[in-house]
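Trainee: I would like to take a close look at a single part of this model, and to follow it outward into its surroundings. Please take your time over the answer.

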Amino acid sequence: LLTGEAFEKLKKAQQRAKEKGVPLEVYGSYRSREQLIQEWERGRFSYIKDEKIRGKYVCYPYGDDVENRCPHATGKAVDVRIKGKDDLILLKKIMTDDKLEDRWIRYARENEEHHFECCGTARYARAKELEEKTGQSVIEIV
């Protein structure tokens, strides 16, 4: 599930990928609070007892500001890859090309090379603020 705006941006990215002769594969998008809790409590990083360290790998799902911390809870984030390839350079070009009005912002954190956000998530908003301040395109942000 995605918001309408995110879905339209994803369709345009899919079209760009098609023009380059590759298919995009979305393997993660919206996650409900229940899914986030399950991932936190029983997911592949649940063995990490220190919550600060675990929080580097999986979103902390409790509290009122979950949508700020967990962009997948907004319907404005996707985990995407080029099907059958691990070409991160091409994937970034398709998703974040700074010449595109409908581009995504990549979450530039270790283990998150396939995570992209748009449409007003906290990171997306920070990237847009930086662009206004610096006059430079921002395609990745932590």
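Is Cys119 buried or exposed, and at what relative accessibility?

Mentor: Let me say at the outset that this is a predicted model, so that everything below is computed from predicted coordinates. Cys119 counts as buried because its relative accessibility is 10%, and the cut-off for that class is under 20%. The residue sits in the loop between strand E4 and helix H6, the latter spanning 122-134. Its backbone also deserves attention: Cys119 has a positive phi of about 60° although it is not a glycine. Most residues other than glycine have a negative phi.

From this loop, the natural way into the rest of the model is through E4 and the sheet to which that strand belongs. The sheet is open and is formed by 5 strands in the order E1-E2-E4-E3-E5, with mixed pairing. Strands E1 and E5 (140-141) stand at the edges with a single partner strand each, so one side of each is left without a neighbour in the sheet. Helix H5, residues 88-96, packs on this sheet and touches E1, E2, E3, E4 and E5, while its direction makes about 135° with that of E2.

Taking the strand pairs in turn, E4 (residues 115-117) is joined to E2 by 3 bridges, and these two strands run antiparallel; within that pairing, Val78 stands opposite Phe116 in E4. On another flank, E2 pairs with strand E1 (residues 24-28), again in the antiparallel sense, over 4 bridges, and here Leu24 stands opposite Ile82 in E2. Strand E2 itself, covering residues 77-82, is mostly covered, in that 5 of its 6 residues are buried. The parallel part of the mixed pairing includes strand E3 (residues 105-107) and E5, which are joined by 2 bridges, with Glu140 in E5 as the bridge partner of Arg106.

A residue of the packed helix ties several of these pieces together. Met95 lies in helix H5 and is buried, with a relative accessible area of 0%. Leaving aside residues up to four places away in sequence, Met95 touches Ala13, Arg16, Leu24, Val78, Val80, Arg103, Trp104 and Phe116. Two of these contacts, Val78 and Phe116, are the residues that stand opposite each other where E2 meets E4, and Leu24, another contact, is the residue that faces Ile82 across the pairing with E2. Helix H1 (residues 4-19) holds Lys12, which counts as partly exposed at 44% relative accessibility. Lys12 and Ile94 are 82 residues apart in sequence, yet their C-alpha atoms are 9.3 Å apart in space.

The surroundings also include a pocket, which can be described with the same care. The largest pocket has a volume of about 670 Å³, and of the 27 residues that line it, the closest to its centre are Arg31, Glu39, Tyr57, Val58 and Glu112. Strand E1 and helix H2 (33-42) each supply at least two residues of that lining, which divides into 10 nonpolar, 7 polar and 10 charged residues. To relate the pocket to the packed helix, one may compare Met95 with Glu112: the two are 17 residues apart in sequence and 14 Å apart in space, C-alpha to C-alpha.

Definitions and conventions:
Residues are numbered from 1 along each chain as its sequence is written. This is a predicted model: local features need pLDDT of at least 70, side-chain atom pairs count only at pLDDT 80 or more; totals for chains, interfaces and linings use all residues. Side-chain values use heavy atoms; hydrogens and water are left out. Buried means under 20% relative accessible area, exposed over 50%, partly exposed in between (1.4 Å probe, protein chains only). Two strands pair if DSSP finds at least two bridges between them. On a 1 Å grid over the protein atoms alone, a cavity is a set of points where a 1.4 Å probe fits but cannot get out, and a pocket is an open set with protein on both sides within 12 Å along at least five of seven lines; lining residues have an atom within 4 Å of a point. Grid points are joined across faces, edges and corners, and a volume is the space filled by probe spheres set on the points. Ala, Val, Leu, Ile, Met, Phe, Trp, Tyr, Cys and Pro count as nonpolar, Asp, Glu, Lys and Arg as charged, and the others, Gly among them, as polar. Contact means heavy atoms within 4.5 Å. Axes are lines fitted to C-alpha atoms, for helices over the stretch in contact, and angles run from 0 to 180 degrees between N-to-C directions.
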